[in-house]
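Thanks, everyone; I would like to talk through the charged pairs in this model, and then turn to its nonpolar surface. Please have the structure open as we go.

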Amino acid sequence: MELLEVLHFDQLSHGLAQLSMFPYFDMAHYTVSVMALREQPGALEVSRRSPFACWFSSMLFCFGGAVLSGLMMAEPPVAPLSNGTNVLLASLIWYLIFYCPQDLVYCCTALLPLRLMLSGMKEVTRTWKVLGGVTQAHAKYKDSLLVMIAIGWAKGAGGGLMSNFEQLVRGVWKPETNELIKMSYPTKITLIGAVLFALQQTEYLPLQKQHLMLIYTSFTVINKSRMMLTGSSTSPFAAIESAIYKTLFSSSSPYVALTSEATRSPVNNGLTTKTICDATTKEPSENGATRRCSSPVNPAKAEEQSEKLETKSSKKSN
């Protein structure tokens, strides 16, 4: 507690909780989102061929979380576009990043120091989006922890969860990139935040909201900065995910053992493992040695061979 007092933990948490997102943090969110769209394969070609499709994709990147959470809450999906100021601001940023002469705006925002600052500000907005989704679901479904997690997750990571629909707008269909199949780091960290804030709202997590906001925001900003500075895309939860997967989901089942045993067994396409040797198990050779039969034969062929052996033995006896 003394350490927290030295760091002015309460003052920092209250200051963060009272921080306004508009306009600077929203501008950072729109800028990073539109830059992520521009860096998608084929996005520049689409911007030259169909500016409207490019603009619509940009709006999905910027307001995808609000659209998806609105659909899940049975609210109009166009409600996020009713705020003309935000839409105008996002559209202005879209135009400057895609169509500014000499690509001056994109080249400037792509510089590492500026991009690092913009990405950190975007992570701050992630906290507000997740918390807003959880609070919105809690007001309507007070006892449903799963609904609060789902709405908070959708509002914070809606752009990634709607990536397949956004790709369709640009004429691309890649179902293998579905976030539910292979989650990216932003989707994972948003899901963790939705779980934490939902537990805090239902009082299962004994922590004040502003304190949780500060802890979660600090972690996301610091980790995002670390990943950008080191050029690493590895999730900090990779070791935990691997351990959970190996413990719960990768153990061999009896069914797998049975099926693998069946594939190792000989295939009975009318064949038997019976071997035919002279009269019983052996066939005498001309020099008196014996030759063993070990290859599987067909029952019809086995009977035919036995008849030939009897005929041959009777000729030798004659």
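Within helix α8, Glu123 and Arg126 sit three residues apart, which is about one turn of the helix, and in this predicted model the two form a salt bridge whose closest N and O atoms are 3.0 Å apart. Are these two residues buried or exposed? Glu123 has a relative accessible area of 3% and Arg126 one of 7%, and because buried means under 20%, both count as buried.

A search of the whole structure gives five salt bridges, and two others deserve a careful look. Arg38 pairs with Asp103, with 2.6 Å between the closest N and O atoms, and this pair links distant parts of the chain, since Arg38 belongs to helix α3, residues 24-38, while Asp103 lies in the loop between α6 and α7, 65 residues apart. Arg38 is itself buried, at a relative accessible area of 9%.

Arg115 forms a salt bridge with Glu39, the closest N and O atoms being 2.8 Å apart. Arg115 lies in helix α8, residues 112-140, and Glu39 in the loop between α3 and α4, so this pair ties together parts that are 76 residues apart in sequence. Glu39, at 38% relative accessibility, counts as partly exposed.

Turning to the surface, Phe52, Phe56, Phe165, Leu168 and Trp173 make a nonpolar patch of about 570 Å², to which helices α5, residues 51-72, and α10, residues 163-169, each give two or more residues. Phe165, found in helix α10, is partly exposed, with a relative accessible area of 43%.

Methods. Residues numbered from 1 in each chain as written. Predicted model: local features only at pLDDT ≥ 70, side-chain atom pairs only at ≥ 80, totals over all residues. Heavy atoms only, no water. Patch = residues over 30% accessible without salt bridge, like charges linked within 9 Å, V, L, I, M, F, W, Y side chains within 5 Å. Areas by Shrake-Rupley, 256 points an atom, 1.4 Å probe, with all protein chains shown as cover. Salt bridge = Lys/Arg side-chain N within 4 Å of Asp/Glu carboxyl O. Helix = DSSP H or I, 4+ residues; strand = E, 2+ residues; numbered from the N terminus. Buried < 20%, exposed > 50% of the residue type's maximum accessible area, 1.4 Å probe, protein only.
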